[in-house]
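Got the model loaded in your viewer? Keep the selection box handy, and we'll hop from one stop to the next.

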Amino acid sequence: MLPKSQLWLLLALVAAGVASALSRFLDPYILDVVMGVGIAITLASSLNLINGFTGQFSLGHAGFMAVGAYTSAMLTTTLGPKLGASPVLLQWAVFPASLLLAGLAAALAGLAVGAPSLRLKGDYLAIVTLGFGEIIKVLLQNMDVVGGARGLVGIPDYTNLFWTFGVAAVTVYVVWGLLNSTYGRGFLAVADDEVAAEAMGLNTTRYKITAFVVGSFFAGVAGGLYAHLKGYLNPGGFDFNKSIEIVVMVILGGMGRHVGVIVAAILLGVLNETLRSFGDYRMILYSLLLIILMLTRPQGLFTWPLWKKKAT
Amino acid sequence: MSVLLRALRHLGWVCALGPAIVALAVEPIRVGEFSSLTGREAGLGQYTHMGVVLALEELNAAGGVGGRPLVVLAEDTQSKAGESATVVRKLITRDHVVAIIGEGASGRCLEGAPIAQRAGIPVVTPSATNPKVTAIGDCIFRVCFTDPFQGTVMAKFARDSLNVRKVGLLVDVASPYSLGLAEFFRQRCRVDGGQIVGEQRFSGGDKDFRGQLTALKAANADALFVPCYYGDASLILLQARQLGITVPILGGDGFEAPELVQVAGAAANGACFPVHFSTDDTAPRSRGFVERFSKRWNKVPTGVSALGYDTLMLIADAIRRAGGTDPKSIRGALAATTAFEGVTGRIAIDAERNARKPASIVRVEGGQFRFLQAVTP
């Protein structure tokens, strides 16, 4: 008998596989929105590890996503045709490999940014990560090999329901598993009281870097999925606003709550599309709903004791 | 008697309602539009959309296309990456549009257009000037001119209208836009027997251009070609006049912004550049458009409004010529466009699906962009 959390993961993967097999009966528009939600879950859950559970304020998630998106897109567009493999093999072997490398590249970027800057606290870290995100954007805009400011065109559409929700399930599983391990309690300790955690002998900087690197890894994988869903990348799409969008999901869902953040990612994705029928009033309604939700549920969407973080 | 009267009355009702019922029964032709109606580039999207709506109202008031009214389903991309792909999928699979009016911003057009290309739905973009956009595939068209085209037009204008033989170039090496314009200007200039007497470089965002300008002044050029955006251009104009350079300064469509005059002031006077549409154009078509637009929206149209108007009119014209609403035949009719009379000039679609049309050249005079002439390549 498998432990409960692993059973859940297996179940989610099977469900994603079944849904993916049935996806050709679905409207491509609905599919696009649903996969967008899957990617948002990955992004929000991974940022939740950094911002929610470890209590660090990162505004650079879109930057790590960009690193992953461009890495994986460059791999599949330049390497893919050279391999001469069949489309099926490309989608089921080369693409996941590119996602993994995308994650590793983003994790490396996370380490490079995190190692020097995570000694900073609070607002300072926010500024550093914000700066990092902008640097990535400007670098990409000036790199001709990736299309520069014009953007990268012709990315194959390998992303499907299995990959998006498979990755989302793995992300949630890793974050959940990490936090419920003996080692992982340290993240919560760092978030609750850094000085006390240090006094207890925890290497707080190391914890922060770990959270940062793991979070960046999944942001990178999400970026790879995004690239192969939209088929086109533009550095402008990974600006400060994109980071804010992810931060909003985490805050709306409740900092450091697993289910709340997932629900927030789903809610915001679906809301964005259902409000389309309101035309010009869409953005006003969207913003208004955010304000109302924040005023009525400042603690997050879901605060069941069952899912509450067990610190304090 | 009363029965007869009643019957007559019923007949009257039928006569009055009949055409209305028939009209209701006629399925409207669905055209999609994705543009940045909100967000950073909302100005671009809104002004384009107003032009599209004006064209739509005029078409429907005149009885639609082939007896069927048109509807435009406009979707907002929020000026954000990632939205275009979603809304284009929606327009195609949910709304079953027969043609799409594309994003005016090249970046987002490049995102949405490949999806339409795969589905075989023709896309016409009002103002995406990047050459890559129409290179996506045989379903993607545009009604504006491209970046390389401007370089050619300005070289021709310098040679034919200003009688300039010796030109100095000042190029922004950090911008593909600037490099592209300069390259095509140089080519055309050589073909016409002109001479590039000096070429200087800068990097977008520089503040001091005196060194480059002094060198160009010493080269004794009859005119300067400075392809860049208004931010750099206004400083270049200012410093050129301070250094006593009096020859005409030519630019690209990046000059078109009120900021050019606000920063450069009187130094901007005399600068010439191409625009997609000039509200000053005296051609009756353009005059009529400006009047109708101002009446409908209480605003003066911008270049993209005229392009948006032409885009829908061209699509309607293609549907008429195709004799049906099959996307494939609409695509064929669009590609076969040879002389569409738009408010921005006569448009022909070339083999690369770009518009061949005259460019309006304007000159800055007393803080205003005055229409000078239309130049055909």
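Start in chain B and select A348(B) together with R356(B): R356(B), in β13(B), is the bridge partner of A348(B). Helices and strands here are DSSP runs (H or I of at least four residues for helices, E of at least two for strands), numbered from the N terminus. Now widen the selection to β12 (residues 345-349) of chain B and β13(B), which run antiparallel and are joined by two bridges; strands count as paired if DSSP finds at least two bridges between them. A word on what you're looking at: this is a predicted model, where local features need pLDDT of at least 70 and side-chain atom pairs count only at pLDDT 80 or more, while totals for chains, interfaces and linings use all residues. Residues are numbered from 1 along each chain as its sequence is written, with chains lettered from A and ligands numbered from 1 in the order in which they are written.

Zoom out to the whole sheet, an open, antiparallel one of three strands in the order β11-β12-β13 (chain B). Its edges are β11 (340-342) and β13 (355-356) of chain B; each has a single partner strand, so one side of each is left without a neighbour in the sheet. Add α11 (residues 303-322) of chain B, which packs on this sheet and touches β11 and β12 of chain B. The direction of α11(B) makes about 155° with that of β11(B). Contact means C-beta atoms, placed from the backbone, within 7 Å; axes are lines fitted to C-alpha atoms, for helices over the stretch in contact, and angles run from 0 to 180 degrees between N-to-C directions.

Next, grab β14 (residues 359-365) and β15 (residues 368-375) of chain B, an antiparallel pair joined by seven bridges. V364(B) sits opposite F369(B) in β15(B). In the two residues between the strands of this hairpin, what does the phi of G366(B) do? G366(B) takes a positive phi near 55°.

Still in chain B, show the open sheet of five strands, β2-β1-β3-β4-β5, with parallel pairing. On average, neighbouring strands of this sheet are turned by 25° against each other, direction ignored. Pick out β1 (residues 29-35) and β3 (residues 99-101) of chain B, which pair in the parallel sense over three bridges; I101(B) in β3(B) is the bridge partner of E33(B). Then add α3 (residues 83-93) of chain B, which packs on the sheet, touches β1, β2 and β3 of chain B, and makes about 175° with the direction of β1(B).

Time to cross over: 19 residues of chain A are in contact with 20 residues of chain B. On the chain A side, α2(A) gives the largest share, five residues. By class, that side has six nonpolar, seven polar and six charged residues (Ala, Val, Leu, Ile, Met, Phe, Trp, Tyr, Cys and Pro count as nonpolar, Asp, Glu, Lys and Arg as charged, and the others, Gly among them, as polar).

Stay on α2 (residues 28-53) of chain A and add α10 (residues 240-253) of chain A: they pack at about 70°, axes 9 Å apart. α2(A) and α10(A) are therefore roughly perpendicular (65 to 115 degrees counts as such). Residues to show include L43(A) and L47(A) from α2(A), and I246(A) and V250(A) from α10(A).

Last stop: α3(A), which bends by about 25° at T76(A), the bend being the angle between axes fitted to the seven residues ending there and the seven starting there. Just after α3(A), G84(A) takes a positive phi of about 65°.

Terms used:
Parallel < 35°, antiparallel > 145°, perpendicular 65-115°, else oblique. Contact = placed C-beta atoms within 7 Å.
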